[in-house]
Amino acid sequence: MRDDFENVYDMIEHAIEYAFEGKMTLKFYEFLKYRKTTKAEIDSFLNSSTAKELADEVIELREYIRGGKDSEHKQLREAYHHIPKPQARKIMNYLGRILEDAARYSYDRRPGRRKKDSK
């Protein structure tokens, strides 16, 4: 099962690339539910370098959108100058939503949180 979850890391990497191309189709929470991801798998993802990269990208986009005159913002303007700020806002929200979906799925998979069957 561990090797199977490695494909999810690749999928996230591709989702980041596709987001900058304007393709934001990954609905991560629904995907995790569909593949019946375990809590251990999603927790390892949340602690992975891929999740850290995703969080860093969100922070950089937020700072690019905020703007500023200091050297850090100048570097961000140079890095993201090809992306209009409204598009950067959409990308930031999309990438942030992937992290939120992972955290929400982990929270929902806590022990003792099984849904009861209705009769």
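**Helix packing and core in a predicted model**

Q: In this predicted model, which residues is phenylalanine 28 in contact with, leaving aside its neighbours within four places in sequence?
A: Start at phenylalanine 28 and skip anything within four places in sequence. Phe28 is among the residues with the most contacts inside the largest nonpolar core. Its contacts outside that sequence window are Val8, Met11, Ile12, Ile42, Phe45, Ile98, Asp101 and Ala102.

Q: How many residues does the largest nonpolar core have, and which helix gives the largest share?
A: The core has 31 residues, and Ile12, Phe28, Phe45, Leu95 and Ile98 are the ones with the most contacts inside it. Each of α1 (2–20), α2 (28–34), α3, α4 (49–66), α5 (71–80) and α6 supplies at least two of its residues. Nine residues, the largest share, come from α6.

Q: Is phenylalanine 45 buried or exposed?
A: Phe45 sits in helix α3. Not counting residues up to four places away in sequence, it touches Phe5, Tyr9, Ile12, Phe28, Thr50, Ala51 and Ala102. Because its relative accessible area is 0%, and the cut-off is under 20%, phenylalanine 45 is buried.

Q: How far apart in space are phenylalanine 45 and alanine 103, C-alpha to C-alpha?
A: Phe45 of α3 and Ala103 of α6 both belong to the set of residues where these helices meet. In sequence, phenylalanine 45 and alanine 103 are 58 residues apart, while in space the C-alpha to C-alpha figure is 9.7 Å.

Q: At what angle do the axes of α3 and α6 cross?
A: Two packed helices are described by the angle and the distance between their axes, so both values are worth quoting. The axes of α3 (residues 39–46) and α6 (residues 85–108) come within 9 Å. α3 passes α6 in a left-handed crossing. The angle is roughly 145°.

Q: How do the residues of the contact of α3 with α6 divide into nonpolar, polar and charged?
A: From α3 come Lys39, Ile42, Asp43, Phe45 and Leu46, and they meet Leu99, Ala102, Ala103, Tyr105 and Ser106 in α6. Sorted by type, that gives seven nonpolar, one polar and two charged.

Q: Which side chain makes a polar contact with the side chain of threonine 37?
A: Thr37 is placed in the loop between α2 and α3, and it counts as buried because its relative accessibility is 0%. Beyond four places in sequence, it touches Phe5, Leu32, Ile42, Tyr105 and Arg109. The polar contact, at 3.0 Å, is with the side chain of arginine 35.

How values were computed
Residues are numbered from 1 along each chain as its sequence is written. This is a predicted model: local features need pLDDT of at least 70, side-chain atom pairs count only at pLDDT 80 or more; totals for chains, interfaces and linings use all residues. Side-chain values use heavy atoms; hydrogens and water are left out. Axes are lines fitted to C-alpha atoms, for helices over the stretch in contact, and angles run from 0 to 180 degrees between N-to-C directions. Helices (H or I, at least four residues) and strands (E, at least two) are DSSP runs, numbered from the N terminus. A crossing is left-handed if the near helix is turned anticlockwise from the far one by less than a right angle, and right-handed if clockwise. Contact means heavy atoms within 4.5 Å. Ala, Val, Leu, Ile, Met, Phe, Trp, Tyr, Cys and Pro count as nonpolar, Asp, Glu, Lys and Arg as charged, and the others, Gly among them, as polar. A nonpolar core is a set of buried Ala, Val, Leu, Ile, Met, Phe, Trp, Tyr and Cys residues joined through side-chain atoms within 4.5 Å. Buried means under 20% relative accessible area, exposed over 50%, partly exposed in between (1.4 Å probe, protein chains only). A polar contact is a pair of N or O atoms within 3.5 Å; within protein, one must be able to donate a hydrogen and the other to accept it, and residues adjacent in sequence count only if both atoms are side-chain atoms.
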